[in-house]
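Dear colleague,

Please find below the structure that I am handing over to you. I would ask you to look through it before reading the notes that follow.

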Amino acid sequence: MPGHGEEGTEVHSAQKLQAVFRGHRSRRKVGWKKAALTKLQAVYRGHMGRYLVQSHLRHRRVAMRLQAAYRGHLSRTRVRNQVGNIFDILRERQRPRSVFERLQRVMARGQFAQGVLLLTLLIPTATATANSHYT
């Protein structure tokens, strides 16, 4: 009978030893699982952090491209409006038709550099004509 005499003490000791060992083994397994879960969490959090940073940078680059495109559009629109105003001034001053029509064709094709050259040739005469009535 367990618990009586020397034999019961040995059985009790063996059971106690087995229980201690099983507990140790269970705790060790749980420890490994906990460590693995902790590592998995760290890897996932690192991945998500990098992903969010890259995503933020990507959105920022897209926003910058959109802003640059809009600013370019705005700038081109302003230039077209200014050129249109210059056309109106030239029309009022009755510039020679051929030069004026050539300037319109050049600007319509989007050849702004040539248009600016033509304007630099036209503007001094236009301003001289505008100021001639003062003298």
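Is Met107 buried or exposed? With a relative accessible area of 11%, Met107 is buried, because buried means under 20% relative accessible area. Please bear in mind throughout that this is a predicted model.

Met107 belongs to helix α2, which covers residues 97-108. Gly84 stands 23 residues away from Met107 in the sequence, and the two C-alpha atoms are 9.8 Å apart in space.

Regarding the overall architecture, the protein chain contains 3 helices and 0 strands. Read from the N terminus, the order of its elements is α-α-α. The chain has 135 residues, and 13% of them count as buried; Met107 is one of the buried residues. Among the contacts with a separation of 6 or more, 41% are made by residues 24 or more positions apart.

Turning to the surface, the protein chain exposes about 11,600 Å². Carbon and sulfur atoms supply 60% of that area. There is also a positive surface patch, formed by Arg22, Arg25, Arg28, Lys29 and Lys33. You may wish to locate Arg28 within this patch; Arg28 lies in helix α1, which spans residues 5-92.

How does the accessibility of Arg28 read? Its relative accessible area is 48%. Arg28 is therefore partly exposed, since exposed means over 50% and buried means under 20%. In short, Met107 in helix α2 is buried, whereas Arg28 in helix α1 is partly exposed.

Yours sincerely,
A colleague

Note on methods: Residues numbered from 1 in each chain as written. Predicted model: local features only at pLDDT ≥ 70, side-chain atom pairs only at ≥ 80, totals over all residues. Heavy atoms only, no water. Helix = DSSP H or I, 4+ residues; strand = E, 2+ residues; numbered from the N terminus. Buried < 20%, exposed > 50% of the residue type's maximum accessible area, 1.4 Å probe, protein only. Contact = heavy atoms within 4.5 Å. Areas by Shrake-Rupley, 256 points an atom, 1.4 Å probe, with all protein chains shown as cover. Patch = residues over 30% accessible without salt bridge, like charges linked within 9 Å, V, L, I, M, F, W, Y side chains within 5 Å. Salt bridge = Lys/Arg side-chain N within 4 Å of Asp/Glu carboxyl O. Lys, Arg positive; Asp, Glu negative; His and termini not counted. Charge placed at Lys NZ, Arg CZ, Asp CG, Glu CD.
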